Amino acid sequence: MNPKILIIGACGQIGTELTQKLRKLYGTDNVIASDIRKLNTDVVNSGPFEVVNALDFNQIEHLVEVHQITDIYLMAALLSATAEKNPAFAWDLNMNSLFHVLNLAKAKKIKKIFWPSSIAVFGPTTPKENTPQYTVMEPSTVYGISKQAGERWCEYYHNIYGVDVRSIRYPGLISWSTPPGGGTTDYAVDIFYKAIADKKYECFLSSETKMPMMYMDDAIDATINIMKAPAEKIKIHSSYNLAAMSFTPTEIAAEIKKHIPEFEITYNPDFRQKIADSWPASIDDSEAREDWDWKHTFDLETMTKDMLEHLG
């Protein structure tokens with residue numbers, strides 16, 4: 001039996017590609033995309049789509065009943081840099097949308113939840129290199145605080161109510177199919193657009209700011225694989241560390257120059273530098289690799305080549 005899937009926030013950076021991949025896997029009619037507004041995009045036009053406000057419990061519950069949903073992927077969130085500008089709304093959206101979905105699972109109206117966490121749960125006191133699964137977590141951003149609280153609630157709902165909720169801590173995600181969406185790691189997406197269009201890029205982070213990153217293809221595979229894994233293999237019900245590569249703006253610029261020799265990068269750090277400085281430089285994801293056989297495919301070199309081919 002194929003699951004009946006509802007994706008909330010399907011028009012976002014991850015949701016866009018996740019929807020298409022799930023439709024290929026389980027059939028178009030089994031994957032209901034939804035978002036706050038109906039845009040003229042592939043996600044909206046390629047299969048069932050519903051307008052839904054992630055803050056409205058009754059709307060979500062109605063969709064679950066009408067479409068006989070078994071699995072929800074909750075991708076709606078306000079990301080790090082955007083959340084800093086509107087803390088109250090970010091907290092409201094990031095937390096209450098999660099409660100709505102957890103409570104549907106608690107009431108046995110759905111079977112399984114995917115909810116993404118982030119490296120933003122870590123903070124300035126976290127070990128920077130090879131950040132372990134279990135470590136000091138003192139997030140210093142609105143986004144990170146909401147993700148850390150969300151992890152605790154996911155674990156609580158699993159332990160107390162038996163809710164099957166699965167989560168991974170995404171590093172910075174890089175994709176050619178959707179433009180940057182307000183995250184601190186988004187320079188690593190924007191740099192490709194500017195390299196092709198202008199042959200130059202002004203980076204909002206300093207040259208040696210190293211952060212964990214992942215190509216979107218790998219992130220989508222991880223998301224689908226953790227949901228496909230047998231329940232007994234999922235041993236962590238807060239959120240799994242996930243990693244692929246770590247690099248600095250200098251390193252990604254050097255890789256781009258191999259393909260576009262005239263490309264130049266300059267640096268003008270803004271408020272996002274402080275956010276980046278509070279996050280890890282590299283991640284230890286051995287639990288994910290051991291528990292549900294996670295492995296990444298793309299490194300900096302292969303990702304850069306693929307990005308430039310698609311965008312160029």
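Buried means under 20% relative accessible area, exposed over 50%, and partly exposed in between, with a 1.4 Å probe and protein chains only. The model is predicted: local features need pLDDT of at least 70, side-chain atom pairs count only at pLDDT 80 or more, and totals for chains, interfaces and linings use all residues. Residues are numbered from 1 along each chain as its sequence is written, and side-chain values use heavy atoms, without hydrogens and water.

**Exercise 1.** Determine where I160 lies and how I160 is classed by accessibility.

*Solution.*
1. I160 belongs to helix α6, residues 142–161 (helices are DSSP runs of H or I of at least four residues, strands runs of E of at least two, numbered from the N terminus).
2. The relative accessible area of I160 is 49%, so this residue is partly exposed.

**Exercise 2.** Derive the strand order and the edges of the sheet that contains β11.

*Solution.*
1. The sheet is open, with 3 strands in the order β9-β11-β13 and mixed pairing (two strands pair if DSSP finds at least two bridges between them).
2. β9 (172–174) and β13 (245–247) each have a single partner strand, so they stand at the edges.
3. β9 and β11 (residues 211–215) run parallel, joined by 3 bridges; I174 has Y215 in β11 as its bridge partner.

**Exercise 3.** Describe the sheet that contains β8.

*Solution.*
1. This open sheet of 3 strands has parallel pairing and the order β6-β8-β12.
2. β6 (117–118) and β12 (240–241) are at the edges, because each has a single partner strand.
3. β8 (residues 168–170) pairs with β12 over 2 bridges, and I168 stands opposite Y240 in β12.
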